[in-house]
Structures are given as C-alpha cells and as structure tokens.
Amino acid sequence: MGATEKPRRITMTPAARRALKAAARLFYERGIHAVGVDLIASEAGVTKKTLYDRFGSKEQIVVEYLADRDERWRAFLAQRLDAAHPTPTARVLAVFDASRAWSDENSPKGCSMVNAHAEISDPLHPAYLIITGQKKWMLDLFTQLSRDLSPEGAGHLGRTLMLLHEGALVAHGLNIFPDPITHAREQAEALLATAAATAAKR
C-alpha cells in the first residue's frame with residue numbers, strides 16, 4: 001500500500017475478536033516481532049487456518065491491534081475532554097490526566113504506539129500510518145487547545161506540550177522514576193501560566 005493510504009480493516013467475527021484480544025495482550029507484553037501466529041492461535045483457542053481466514057496475514061492482525069487501541073484511546077480522551085472545565089488550561093491538563101489514567105489501566109509498559117514504532121519503522125507497512133497518525137492527531141489536538149490560550153503562539157506551545165506528553169509516556173514505560181506523567185502535567189501547567197501571562201500583555 002502507498003504511504004498515504006488508510007490501512008484496510010476487516011469485519012470482526014466472534015472468533016476474530018477472540019484472536020485479536022489474545023494478539024493484543026501478546027503483542028503488548030512481548031513485542032510484535034516476538035509473537036507468531038501459532039502462539040496467537042493457541043492462546044485464542046482457534047486454528048491457524050481460522051486466523052488466516054479471518055485476517056489474511058499477521059500484518060493485518062497488527063493493523064487491527066493498533067487501530068483498536070487508537071480508537072479506544074481517542075474515545076477515552078474525548079470523554080475526559082467533554083467532562084473537563086471549559087477553560088483552555090483545564091482542557092490541556094485534562095489530556096495529561098487522561099493519559100495518566102489510561103496508562104495506569106492499559107499501558108504499564110508505555111505507549112503501545114511508541115513501542116510499535118520501535119519495531120515498525122517502514123512507512124510502507126500497513127500499520128505505520130496508524131502509529132504516526134495518532135501522534136499527528138495528538139499534536140493537532142495540543143495545537144488546537146493552545147490556540148484558545150495563545151493564538152499567535154499556538155504552534156510553538158502545541159509542540160512543547162506534545163514533547164512533554166510524549167516524553168512522559170516514554171518515561172512511564174521505562175519506569176526510571178515514579179509518576180512521570182504527573183511531573184509532565186506540572187510542567188505543562190507552569191508553561192500554560194507563562195503563556196497566558198504573555199498573551200495577556202499583548
């Protein structure tokens with residue numbers, strides 16, 4: 001497929017959902033390259049033939065795994081943003097709060113997209129656009145949220161918030177020091193206060 005095309009998705013049957021659930025757990029815990037179709041089939045209680053009949057290839061299982069996590073994360077974040085106080089600062093900080101809650105519940109070993117990118121760096125891989133697409137979407141979100149606080153500096157502020165956020169996700173996965181996402185949130189709050197003060201002087 002071309003580098004700008006959306007990856008093909010499949011219609012899920014009960015057997016496919018069972019296989020995807022097993023594959024998702026294995027891919028996240030052990031790594032994508034380390035997990036073969038035989039192990040997925042065994043863990044899901046299906047045959048290899050069933051896997052290939054439903055997905056066509058291991059690549060397609062990876063696509064469905066990452067696309068499912070991406071869709072669930074976006075829905076999770078949307079709920080948190082909807083519930084947040086409507087001020088620009090509160091909405092930005094809600095992203096960090098959502099990431100902390102999501103990471104505690106779903107990502108003890110770090111961001112699945114960051115982890116997958118360490119194994120999938122070929123832009124022609126069908127899952128590549130899911131990985132980079134989520135990160136571009138997050139940058140767009142931070143930039144959009146920054147625009148309400150600092151219209152002229154939204155691009156720079158959005159990129160800085162993105163760096164804080166993504167660095168925190170990587171540090172969370174490495175587990176070198178406790179609660180990096182809360183630390184990043186505190187730095188973001190200070191950054192936003194400075195940006196708001198600068199905007200007020202203009």
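A search of the whole structure, which is a predicted model, turns up one cavity of 30 Å³ or more. This largest cavity has a volume of about 140 Å³. Fifteen is a long list to take in at once, so to speak, but a helpful place to begin is the centre: of the 15 residues that line the largest cavity, Trp73, Trp102, Cys111, Gln134 and Leu169 are the closest to it. Several helices take part in the lining, and helix 4, helix 5, helix 6, helix 7 and helix 8 each supply at least two residues. Sorted by class, the lining of the largest cavity holds six nonpolar, six polar and three charged residues.

Helix 7, one of the contributors to that lining, is worth following along its length. Does its span agree or disagree with what its number of residues suggests? Helix 7 covers residues 128-147, and its 20 residues, at 1.5 Å a residue, should span 28 Å. The C-alpha atoms at its ends lie 29 Å apart, which agrees. Many positions of this helix can be found among the buried residues, including Tyr128, Ile130, Ile131, Met138, Leu141, Phe142 and Leu145. Thr132, Gln134, Lys135, Thr143 and Ser146 are buried too. The buried Gln134 is also one of the residues closest to the centre of the largest cavity. What covers the buried residues of helix 7 includes helix 4 (58-83), helix 5 (88-106), helix 6 (112-117) and helix 8.

Next comes the second largest pocket, with about 160 Å³ of space. Which helix gives the most to its lining? The answer is helix 9, with four residues. Helix 8 (154-174) and helix 9 (180-201) each supply at least two residues of this lining. Among the lining residues are Ser150, Gly153, His156, Leu157 and Thr160, and further along the chain Leu191, Thr194, Ala195, Thr198 and Arg202. By class, the lining of this pocket has three nonpolar, six polar and one charged residues.

The last feature is the nonpolar core. In soluble globular proteins, nonpolar side chains tend to be buried together. Here the largest nonpolar core has 59 residues, of which Phe27, Leu51 and Leu66 touch the most other members. Helix 4 gives the most to this core, with ten residues. Phe27 offers a good example to look up in the structure: leaving aside its neighbours within four places in sequence, Phe27 is in contact with Ile32, Val35, Ile40, Lys58, Ile61, Val62 and Tyr65.

Methods: Residues numbered from 1 in each chain as written. Predicted model: local features only at pLDDT ≥ 70, side-chain atom pairs only at ≥ 80, totals over all residues. Heavy atoms only, no water. 1 Å grid on protein atoms, 1.4 Å probe; cavity = no way out; pocket = protein on both sides within 12 Å on 5 of 7 lines; lining within 4 Å. Points joined across faces, edges and corners; volume = space filled by probe spheres on them. Nonpolar A, V, L, I, M, F, W, Y, C, P; charged D, E, K, R; others polar. Expected span 1.5 Å × (residues − 1). Buried < 20%, exposed > 50% of the residue type's maximum accessible area, 1.4 Å probe, protein only. Contact = heavy atoms within 4.5 Å. Core = buried A, V, L, I, M, F, W, Y, C linked by side-chain atoms within 4.5 Å.
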